[in-house]
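Hi,

Here is the structure I promised to pass on. Have a look, and my notes come right after it.

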Amino acid sequence: MGQYERLILMAEDELTQYSTDARKIEKLRQKIGLSVTAAEQRQVKETLVAEMPKDFLSLLVEKQRQTVALPFWGIAGLGLLLGIALAQPADYIATVVGTALAIALQKWGWNLQAKRLVLQTLEDIEERTQKPMTENTATPKSDRS
């Protein structure tokens, strides 16, 4: 398994955690920093930038995968209900097709979201390495006595 696939799997693992995007990026940044060289990071980033879709449907599925898949889950449920109630075997086709489409959309959105998380993390790493580190970046607090 190459670095690209490994980073996507690490991002998918982070997506399972209930936390903010900033926390996910921070945790993933630490993992990537320890296990992937800078040259490999640049190579993966270039691949992701070239591969990430920019069309409306892909962006919608990435951001709202559950909402996009919901009508297909409804079709699957309705096909099952009608197949049982009316004893029509042809209605089961709607169940199978609706379920398959819903699962495919969910998986596609999950994968796109993981790729976006890896891309954001790599950009964060690149930004932090280019920005000069100063010892005291915080502004002093004023006395309120």
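Below is what turned up, starting with the cores.

First, the ground rules: this is a predicted model, where local features need pLDDT of at least 70, side-chain atom pairs count only at pLDDT 80 or more, and totals for chains, interfaces and linings use all residues. Residues are numbered from 1 along each chain as its sequence is written, and side-chain values use heavy atoms, with hydrogens and water left out.

The largest nonpolar core (buried Ala, Val, Leu, Ile, Met, Phe, Trp, Tyr and Cys joined through side-chain atoms within 4.5 Å; buried is under 20% relative accessible area, exposed over 50%, partly exposed in between, with a 1.4 Å probe and protein chains only) has 19 residues. Leu-7, Leu-28, Ile-32, Val-44, Leu-48 and Val-118 have the most contacts inside it. At least two core residues come from each of α1 (3–15), α2 (21–35), α3 (38–51) and α6 (91–130); helices are DSSP runs of H or I, at least four residues, numbered from the N terminus. Another core, of five residues, lies apart from that one and includes Val-61, Ala-69, Ala-102 and Leu-105.

Leaving aside residues up to four places away in sequence, Leu-48 touches Tyr-4, Ile-8, Lys-115, Val-118, Leu-119 and Leu-122 (heavy atoms within 4.5 Å).

Over in helix α5 (residues 65–85) sits Gly-74, which counts as partly exposed because its relative accessibility is 41%. Gly-74 and Gly-98 are 24 residues apart in sequence, with their C-alpha atoms 7.7 Å apart in space.

Leu-60, in helix α4, is also partly exposed, at 32% relative accessibility.

Cheers
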